Amino acid sequence: MTTRDPWTVESDGITLAMAGQIVATAIAPDGARIDEQRANARLIAAAPELLNSLSYMVSQIRHFRGQGNKQMDSAISAAIAAIDKATS
C-alpha cells in the first residue's frame, strides 16, 4: 500500500511534501552535493508511483512466467522482489 496523495518536492529541491504537509527532507549525512540530494528527493517523491506502476506491470505480464523465457522470468522475479521490499 502506498500513500493516497502524491508526494512533491518543494522549491528548495530537497524537502518532500504530501497534501501540503512536509513529510521528509532528503539530507545527506555522507556529505553529498546538493544536486545529489535533489536527485534523491525526486526519487523519493516518485517512489509511490514507481511502485504502483511496477505492480501493475507485473500483474499484466505475470502470465508469461514459466514459459521458457529465462530473461522474462528473471525480470519478473526482480520486480516482485522490489515490490516485496517496498511493501513488507
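**Close-up views of helix H2, the nonpolar core and Glu10**

**View 1. The two sides of helix H2.** The face of H2 turned away from its buried side carries the exposed residues Lys70, Gln71 and Lys85 (exposed is over 50% relative accessible area, buried under 20%, partly exposed in between, with a 1.4 Å probe and protein chains only). This is a predicted model, in which local features need pLDDT of at least 70, side-chain atom pairs count only at pLDDT 80 or more, and totals for chains, interfaces and linings use all residues. Residues are numbered from 1 along each chain as its sequence is written, and side-chain values use heavy atoms, leaving out hydrogens and water. Helices (H or I, at least four residues) and strands (E, at least two) are DSSP runs numbered from the N terminus.

**View 2. The buried face of H2.** Here you meet Asp73, Ile76, Ala79, Ile80 and Ile83, the buried residues of H2. Seen down the helix axis, they fall within an arc of 130°, so they line one face of H2 (the arc is that of the directions from the axis to the C-beta atoms). These buried residues pack against H1.

**View 3. The largest nonpolar core.** Leu51, Val58, Ile76, Ala79, Ile80 and Ile83 make up this core of six residues (a set of buried Ala, Val, Leu, Ile, Met, Phe, Trp, Tyr and Cys residues joined through side-chain atoms within 4.5 Å). H1 (34-61) and H2 (70-87) each supply at least two of its residues, and the largest share, four residues, comes from H2.

**View 4. Glu10 in its loop.** Glu10 lies between strand S1 (7-9) and strand S2 (15-18). Glu10 counts as partly exposed because its relative accessibility is 36%.

Key. Contact = heavy atoms within 4.5 Å.
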